[in-house]
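Here is a friendly note for anyone opening this structure for the first time. Keep the view beside you and follow the points in order.

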Amino acid sequence: MYSINPTPYEIGKELAKRHKALRKQLKLSQSDMAERSGVSLGSLKRFETTGQISLESLLKLAHLLDRLEDFKLVFQPKEDLGNIEDLFSTK
């Protein structure tokens, strides 16, 4: 199936790529990152290679990297702009 929207696999791979770059920028080895975050070394290696990781482990890594706040917007309800004219009506 062709789509202009990224697939879950593609998003996972991109997240893994960004995580690895950030880890290296902070000069942390995979072992250091695993130990400090509480994520197993195997899970960390799998994530950086395949993009696959449990949500709990991903949140632990984000917490260690001070990026946990980034997840606050996930699954936020979108504003219903269908009734925008109600904002301007005088009843």
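The points below go from the whole chain to single helices and residues.

1. **What you are looking at.** This is a predicted model. The protein chain has 5 helices and 0 strands, and from the N terminus on its elements run α-α-α-α-α.

2. **The chain as a whole.** Of the 91 residues in the protein chain, 21% are buried. The chain exposes about 7,700 Å², and carbon and sulfur atoms supply 56% of that area. Among contacts in the chain with a separation of 6 or more, 46% are accounted for by residues 24 or more positions apart.

3. **Helix H1, its length.** A good place to begin is H1, which covers residues 8–25. At 1.5 Å a residue, its 18 residues should span 26 Å, and the end C-alpha atoms are indeed 26 Å apart, so expectation and model agree.

4. **Helix H1, its two faces.** Which residues of H1 are buried? They are Gly 12, Ala 16, His 19 and Arg 23. Seen down the axis of H1, these buried residues fall within an arc of 65°, so they line one face of the helix. A general rule helps here: an α-helix has 3.6 residues a turn, so residues three or four places apart point the same way. The face of H1 turned away from the buried side carries the exposed residues Lys 17, Arg 18, Lys 24 and Gln 25.

5. **What H1 packs against.** The buried residues of H1 pack against three helices: H2 (30–37), H3 (41–50) and H4 (55–64). Just after H1, have a look at Lys 27, which takes a positive phi of about 60°.

6. **Arg 23, buried or exposed?** Arg 23 lies in H1, and because its relative accessibility is 5%, under the 20% cut-off, it counts as buried. Leaving aside residues up to four places away in sequence, Arg 23 touches Leu 28, Ser 29, Gln 30, Met 33 and Glu 48.

7. **Leu 22, next to Arg 23 in the list of things to inspect.** Leu 22 is also found in H1, but it is partly exposed, with a relative accessible area of 21%. Not counting residues up to four places away in sequence, Leu 22 touches Leu 65 and Arg 67. Leu 22 and Leu 65 are 43 residues apart along the chain, yet their C-alpha atoms are separated by 8.3 Å.

8. **Helix H2, inside and outside.** In H2, the buried residues are Met 33, Ala 34 and Ser 37. They cover an arc of only 95° around the axis, which puts them on the same side of H2. On the other side of H2, Glu 35 and Arg 36 are exposed. The cover over the buried residues of H2 includes H1, H3 and H4. After H2 comes Gly 38, with a positive phi near 85°.

9. **Gln 30, a residue of H2.** Gln 30 has its place in H2 and is partly exposed, at a relative accessible area of 22%. Not counting residues up to four places away in sequence, Gln 30 touches Arg 23, Leu 41, Leu 44, Lys 45 and Glu 48. The C-alpha atoms of Gln 30 and Gly 42, which are 12 residues apart along the chain, are separated by 9.5 Å.

10. **How H2 meets H4.** In general, two packed helices are described by the angle between their axes and the distance between the axes. The axes of H2 and H4 come within 9 Å and cross at roughly 100°. That makes H2 roughly perpendicular to H4. Where they meet, Met 33, Arg 36 and Ser 37 in H2 face Lys 60, Leu 61 and Leu 64 in H4 as contact partners.

11. **Helix H3.** Which residues of H3 are buried? Ser 43, Leu 44, Phe 47 and Glu 48 are. Viewed down the axis of H3, they fall within an arc of 130°, so they line one face of the helix. The cover over these buried residues includes H1, H2 and H4. H3 is followed by Gly 51, whose phi is positive, near 85°.

Conventions. Residues are numbered from 1 along each chain as its sequence is written. This is a predicted model: local features need pLDDT of at least 70, side-chain atom pairs count only at pLDDT 80 or more; totals for chains, interfaces and linings use all residues. Side-chain values use heavy atoms; hydrogens and water are left out. Helices (H or I, at least four residues) and strands (E, at least two) are DSSP runs, numbered from the N terminus. Buried means under 20% relative accessible area, exposed over 50%, partly exposed in between (1.4 Å probe, protein chains only). Contact means heavy atoms within 4.5 Å. Accessible areas come from the Shrake-Rupley method with a 1.4 Å probe; for residues, only the protein chains shown count as cover. The expected span of a helix is 1.5 Å times one less than its number of residues. The arc is that of the directions from the helix axis to the C-beta atoms. Axes are lines fitted to C-alpha atoms, for helices over the stretch in contact, and angles run from 0 to 180 degrees between N-to-C directions. Angles under 35 degrees count as roughly parallel, over 145 as roughly antiparallel, 65 to 115 as roughly perpendicular and the rest as oblique.
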